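Here is a quick walk through one protein model, from a few single residues out to the whole chain. Have the structure open while you read.

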Amino acid sequence: MLLIAASCSKKNDPQIDSAKFVRIYDTNKFDASYSPIDVKQTPDSGYLILANRRLPDPNFFNGTYLLKVDKLGAFVSELEVPDDKVAPIGPLLEASGKYYFFSMAPGNYQTQLSEVATDGTITKTLPVGGSYPSAAFNDAGNFVLLRYDNVAKQSVVSLVNPQGSTSKSVSFTIGEGNGVEEKFISHFTRTGRQFPFQVGKTSAGKYFFNGFYKYTFSLVFTDLVNKDPLGVAQGQQADGGFSQLLPLEGSRYAAARFNFGDNYLLPSVTVNENGISSIVNLGGNNLPELVQNAPVKILSLKVNEKDIVLYSSNTKSKQIALFGYDKTTGTFLGSHYLGFSNPFEIASATPTTDGGLAVCGITYVAGKFSRICLFKLSKADLSNSFK
């Protein structure tokens with residue numbers, strides 16, 4: 001693994017180097033292709049990155065790749081995970097000092113849970129059961145898992161512990177026929193549209209998933225007991241819905257939505273968690289500078305002693321855009337753009353222990369080789385951008 005490094009900091013000051021840097025991780029393997037999924041800062045102040053990797057032999061699904069770098073972003077180790085773990089999903093889930101991720105076993109498509117040490121090595125893999133894991137969420141040490149049951153044609157939400165055991169599970173139909181299933185398969189094989197599947201928990205303790213329900217990409221609320229949803233916010237079949245949600249308090253969310261290619265940010269929106277409602281009616285701030293059906297990541301962090309909501313997404317100018325909003329009022333606080341020369345795309349972002357931000361993404365070396373990149377923003381960068 002070779003390292004291309006660029007930094008605006010002073011080279012003789014490691015504290016400044018660890019506060020702010022840009023790294024692109026290249027390789028001498030001509031046909032290699034890596035697409036990051038998530039990044040987490042480890043207790044040694046380094047970073048652990050989970051990614052997809054293209055497999056050399058014909059395979060419908062991508063393989064798994066783990067990269068460990070130090071606090072300066074310098075390469076430490078890599079693990080090209082054997083082909084028995086395909087189609088990994090994020091985020092990296094933390095519990096009791098370990099990291100976990102869900103993937104599939106090739107052949108039978110069964111879900112499995114892998115435990116990862118802080119150095120990026122896999123210490124165990126446990127069978128979970130069920131097919132096509134789509135999204136996951138850390139619920140105070142247990143994991144909420146969204147998957148697709150390709151036999152019953154259902155979206156399934158389950159509560160799974162770090163030992164791989166399922167305690168609760170509830171299923172919802174995606175609709176009869178092959179129309180929606182084709183979209184699932186093209187998503188998992190990465191041959192078509194990548195849908196923003198998400199699963200989580202509201203501030204009031206309800207669970208939700210963002211996925212297909214009765215032919216439509218919708219936000220569905222559940223208590224993991226009743227077979228019927230508690231509430232459904234409907235999209236526009238596969239052409240409209242939420243891109244990402246972050247529960248705030250009560251029924252208020254920071255959210256983003258897409259509608260026939262257009263993108264809207266809703267930094268403070270009330271979502272009906274009971275009954276049927278329409279996502280289209282929620283409005284939002286349209287951002288023409290974003291690519292069509294842009295992927296969006298939302299996280300909460302503190303900047304200038306103020307709680308903010310930070311959006312990250314991809315622009316038509318091939319940069320990663322960061323937009324900050326006041327968490328309480330939804331007021332726009334500023335923007336920051338990442339990227340130069342090559343195209344850059346967002347994968348994940350995480351607050352760091354020094355008050356900064358790590359942004360992991362994809363870049364394309366020579367315009368065509370997909371590689372992992374890591375931007376480290378300092379506390380001062382955030383303070384200056386989001387006032």
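Which residues does Pro295 touch, not counting residues up to four places away in sequence? They are Ser312, Ser313, Asn314 and Ile346. Keep in mind throughout that this is a predicted model.

## Around Pro295

To find Pro295, go to the loop between strand E23 (285-286) and strand E24 (297-303). With a relative accessible area of 36%, Pro295 is partly exposed, because that value falls between the 20% and 50% cut-offs. For a sense of distance, take Asp381: it is 86 residues from Pro295 in sequence, and the two are 23 Å apart in space, C-alpha to C-alpha.

## The whole protein

Now zoom out. The protein has three helices and 30 strands. Its C-alpha atoms fill a box of roughly 60 × 50 × 40 Å, taken along the principal axes. Is the radius of gyration in agreement or at odds with a compact globule? It agrees, because a compact globule with 387 residues would have a radius of gyration near 21 Å and the protein has 20 Å.

Of the 387 residues, 56% count as buried. Take the contacts between residues at least 6 apart in sequence: 46% of them join residues at least 24 apart. As for the outside, the protein exposes about 15900 Å², and carbon and sulfur atoms supply 50% of that. On the charge side, there are 36 positive and 33 negative side chains, and the centres of the two sets lie 3 Å apart.

## Two buried side chains with polar contacts

Thr363 lies in strand E29 (residues 357-365). Its relative accessible area is 0%, so Thr363 is buried. What does its side chain have for polar company? A polar atom of the Thr363 side chain lies 2.8 Å from the backbone oxygen of Pro343. Pro343 also turns up among the residues that Thr363 touches beyond four places in sequence, along with Ile24, Asn342, Phe344, Phe369, Ser370, Arg371 and Cys373.

Arg53 is the other one to look at, and you'll find it in strand E4 (residues 47-53). Is Arg53 buried or exposed? It counts as buried, because its relative accessibility is 8% and the cut-off for buried is under 20%. The Arg53 side chain reaches the backbone oxygen of Thr64 at 3.1 Å. Leaving aside neighbours within four places in sequence, the contacts of Arg53 include Ser33 and Tyr34, then Asn62, Gly63, Thr64 and Tyr65, and also Glu80, Val81, Pro82 and Asp83.

## Ser203 and its loop

Ser203 sits in the loop between strand E15 (198-201) and strand E16 (207-213). At 44% relative accessibility, it counts as partly exposed. What does the side chain of Ser203 reach at 3.0 Å? The partner is the backbone nitrogen of Gly250. Gly250 is also one of the residues in contact with Ser203 once neighbours within four places are set aside; the others are Pro247, Leu248 and Glu249.

For scale, try Leu126, which is 77 residues from Ser203 along the chain: their C-alpha atoms are separated by 30 Å.

## Backbone oddities and one more loop

A few backbone angles deserve a click. The peptide bond from Gly90 to Pro91 is cis, with omega near 0 degrees, and Pro91 is in strand E7 (residues 86-95).

Then there are positive phi values in residues other than glycine. Tyr132 has phi near 50 degrees and is found in the loop between strand E10 (122-131) and strand E11 (133-139). Ala140 has phi near 55 degrees and lies in the loop between E11 and strand E12 (142-149). Which is buried and which is exposed? Tyr132 is buried, with a relative accessible area of 5%, whereas Ala140 is exposed, at 79%.

Last stop: Gly107, in the loop between strand E8 (98-104) and strand E9 (110-116). Gly107 is exposed, with a relative accessible area of 65%. From Gly107 to Leu145 is 38 residues along the chain, and their C-alpha atoms are separated by 21 Å.

Terms used: Residues are numbered from 1 along each chain as its sequence is written. This is a predicted model: local features need pLDDT of at least 70, side-chain atom pairs count only at pLDDT 80 or more; totals for chains, interfaces and linings use all residues. Side-chain values use heavy atoms; hydrogens and water are left out. Helices (H or I, at least four residues) and strands (E, at least two) are DSSP runs, numbered from the N terminus. Buried means under 20% relative accessible area, exposed over 50%, partly exposed in between (1.4 Å probe, protein chains only). Contact means heavy atoms within 4.5 Å. A polar contact is a pair of N or O atoms within 3.5 Å; within protein, one must be able to donate a hydrogen and the other to accept it, and residues adjacent in sequence count only if both atoms are side-chain atoms. The radius of gyration is taken over C-alpha atoms; the globule rule is 2.2 Å times the number of residues to the power 0.38. Accessible areas come from the Shrake-Rupley method with a 1.4 Å probe; for residues, only the protein chains shown count as cover. Lys and Arg count as positive and Asp and Glu as negative; His and the chain ends are not counted. The place of a charge is taken as NZ of Lys, CZ of Arg, CG of Asp or CD of Glu.
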